Amino acid sequence: MTGLKALLVEGIHPVAADLLTTSGIEVERESRAFGGDELVSRLAGVQVLGIRSGTHVTAEVLAQAPDLRVIGAFCIGTNQIDLQAATARGIAVFNAPFSNTRSVVELAIAEIIALTRRLTVQDDAMHAGQWRKSAKGSHELRGRRLGIVGYGKIGSQLSVLAEALGMHVRFYDTADRLALGNARRCATLEELLGDSDVVSLHVDGRPGNSGMFGDAQFGLMPPGGIFLNLSRGFLVDHGALRERIVSGHLAGAAVDVFPKEPAGAGDPFESELRGLPNVILTPHIGGSTEEAQQDIGDFVAGKLVGYLRAGVTGLSVNLPEVQLPRLGGAIRLLLLHRNQPGALAHLAGVLAEGGLNVEQQLLTTAGTVGYAVTDVRGTLGTDVTDRLRGLPETIRLDVIPG
């Protein structure tokens with residue numbers, strides 16, 4: 001895979017760069033997030049982009065990055081990428097749906113314990129030279145009620161660990177989810193909020209979830225409740241959360257994600273939640289453990305290499321999944337096309353007229369797009385590739401030499 005260039009930003013673990021470099025890809029690394037015109041300028045001549053949650057790849061950026069073939073989101077979420085625009089331009093997107101879930105769950109458990117025992121308040125007092133030994137406001141987790149909003153990969157793991165600590169778990173999710181252990185599903189969000197001592201938010205970043213937690217939702221929580229958001233910053237009205245903390249209605253909160261986050265380490269951070277007692281603020285580190293970041297780097301980089309080397313799209317978040325073993329010496333054609341009648345017939349006709357023999361082929365469709373991976377033998381001339389790129393259904397054609 002010589003001649004390819006990758007740009008990895010936001011301090012992605014070095015294992016990703018090592019894997020890409022070993023595969024023959026030139027790698028450039030940056031420690032901070034990029035956006036807008038600066039990102040566009042850095043994408044000139046770049047086929048592979050690796051990001052985390054702070055770099056936003058918009059339709060405008062993609063329109064000015066003609067060389068880009070694949071994006072790796074070295075995190076769980078992909079709402080920072082315009083997936084529709086990426087698909088329309090034939091750019092594959094991969095993420096890490098599993099690798100850092102344990103790290104997020106462990107942070108949530110640690111914060112629930114710290115807030116329930118008021119460890120932050122006790123710690124501040126001790127550092128100020130004050131000895132305040134008291135049980136007031138401090139509780140065990142055992143017997144407390146945990147409400148989980150979003151019962152996906154992270155929420156369900158949190159459910160298991162919390163129950164092992166003796167908590168009574170209930171959850172709310174708009175999708176059908178299997179309750180684990182003794183967890184109980186709530187029919188509505190309102191039901192969950194009114195029946196939980198601790199509420200932990202673990203939903204995805206789809207636009208419809210924006211602003212889902214405000215003063216009305218906090219008002220439904222019992223007095224003395226605790227709130228955690230390790231999900232997406234724009235889901236929560238931080239001004240409303242501050243008021244509920246200041247008024248004493250909520251006893252504590254932990255927030256790891258914010259509506260506007262600094263681009264890099266050391267940049268100034270502003271939030272209405274700064275300076276509040278029994279409020280834990282962390283700089284979007286839910287998945288930032290050395291173990292998780294190494295696993296993510298290895299997993300996503302492996303997906304990028306698999307796609308560039310063989311067109312494999314297993315676990316792609318925007319393209320139909322195709323996993324077809326390579327045939328030695330065969331030329332591989334990767335045709336992403338609009339899902340409409342006649343696409344495969346047109347492909348076969350062009351190949352036949354070009355004197356190319358199809359050795360194996362696999363087509364998968366998903367929604368409005370189809371993805372055909374075809375191994376051929378023979379002489380592949382520019383006349384054939386030009387005709388394939390000119391088909392009315394074609395979105396993108398890539399060729400992997402034999």
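**Figure 1. A close-up of phenylalanine 258, a buried residue in a loop of this predicted model.** With a relative accessible area of 8%, phenylalanine 258 falls under the 20% cut-off and therefore counts as buried. Let's see where this ring sits: phenylalanine 258 belongs to the loop that links β11 and β12. Leaving aside residues up to four places away in sequence, its contacts are Gly233, His238, Phe269, Ser271, Leu281 and Thr282. A handy distance for orientation is the one to aspartate 237, which is 21 residues away in sequence, with 9.9 Å between the two C-alpha atoms.

**Figure 2. The open sheet of 7 strands, with parallel pairing.** Reading across the sheet, the strand order is β8-β7-β6-β9-β10-β11-β12. Which strands form the edges? They are β8 (184-185) and β12 (279-281), and each of them pairs on one side only. At the β8 end, strand β7 (residues 168-172) is joined to β8 by 2 bridges in the parallel sense. If you would like one pair to find on screen, try phenylalanine 171, whose bridge partner in β8 is arginine 185.

**Figure 3. Strand β6 and its pairing with β7.** Here the view moves to β6 (145-149), a strand that is mostly covered, with 4 of its 5 residues buried. β6 and β7 run parallel and are connected by 5 bridges. Within this pairing, isoleucine 148 has phenylalanine 171 of β7 as its bridge partner. Phenylalanine 171 also has a bridge partner in β8, namely arginine 185. As a reminder while you inspect the side chains, those of a regular strand alternate between the two faces of the sheet.

**Figure 4. Two helices that pack on the sheet, α7 and α10.** Helix α7 lies across three strands, β6, β7 and β9 (198-201), and its direction is at about 170° to that of β6. Helix α10 (residues 238-246) touches β10 (225-229), β11 (250-255) and β12. The angle between the directions of α10 and β11 is about 145°.

**Figure 5. The packing of helix α5 against helix α7.** The axes of α5 (residues 101-116) and α7 (residues 153-164) are 9 Å apart, and the helices meet at an angle of about 50°. α5 and α7 are therefore oblique to each other, and the crossing is right-handed. From α5, the contact involves Thr101, Arg102, Val104, Val105, Ala108 and Ile109, while α7 brings Lys153, Ile154, Gln157, Leu158, Leu161 and Ala162. Sorted by character, the residues of this contact are 8 nonpolar, 2 polar and 2 charged.

**Figure 6. Helix α1 alongside helix α11.** The axes of α1 (residues 14-22) and α11 (residues 290-310) come within 7 Å and cross at roughly 25°. That angle is under 35 degrees, so the two helices count as roughly parallel. α1 passes α11 in a right-handed crossing. On the α1 side, look for Val15, Ala16, Leu19 and Leu20; on the α11 side, look for Gln294, Gly297, Asp298, Ala301, Gly302, Leu304 and Val305. These residues comprise 7 nonpolar, 3 polar and 1 charged.

**Figure 7. Helices α12 and α13.** How are the axes of α12 (residues 343-353) and α13 (residues 382-389) arranged? They come within 10 Å and cross at roughly 165°. This makes α12 roughly antiparallel to α13, and α12 passes α13 in a right-handed crossing. In the contact, Leu347, Val350, Leu351 and Glu353 of α12 meet Val384, Arg387 and Leu388 of α13. The contact residues divide into 5 nonpolar, no polar and 2 charged.

**Figure 8. Threonine 394 in strand β16.** Threonine 394 is part of β16, which spans residues 394-400. Is threonine 394 buried or exposed? Its relative accessibility is 11%, so threonine 394 counts as buried. Not counting residues up to four places away in sequence, threonine 394 touches Leu335, Leu336, His337, Arg338, Leu388 and Arg389. One of these, Leu388, also takes part in the contact of α13 with α12.

**Figure 9. The whole chain, for context.** Stepping back, the chain contains 13 helices and 16 strands. Its C-alpha atoms fill a box of roughly 85 × 45 × 35 Å along the principal axes. Of the 402 residues, 50% count as buried. Among contacts with a separation of 6 or more, 63% are between residues 24 or more positions apart.

Technical notes
Residues are numbered from 1 along each chain as its sequence is written. This is a predicted model: local features need pLDDT of at least 70, side-chain atom pairs count only at pLDDT 80 or more; totals for chains, interfaces and linings use all residues. Side-chain values use heavy atoms; hydrogens and water are left out. Axes are lines fitted to C-alpha atoms, for helices over the stretch in contact, and angles run from 0 to 180 degrees between N-to-C directions. Angles under 35 degrees count as roughly parallel, over 145 as roughly antiparallel, 65 to 115 as roughly perpendicular and the rest as oblique. A crossing is left-handed if the near helix is turned anticlockwise from the far one by less than a right angle, and right-handed if clockwise. Contact means heavy atoms within 4.5 Å. Ala, Val, Leu, Ile, Met, Phe, Trp, Tyr, Cys and Pro count as nonpolar, Asp, Glu, Lys and Arg as charged, and the others, Gly among them, as polar. Two strands pair if DSSP finds at least two bridges between them. Buried means under 20% relative accessible area, exposed over 50%, partly exposed in between (1.4 Å probe, protein chains only).
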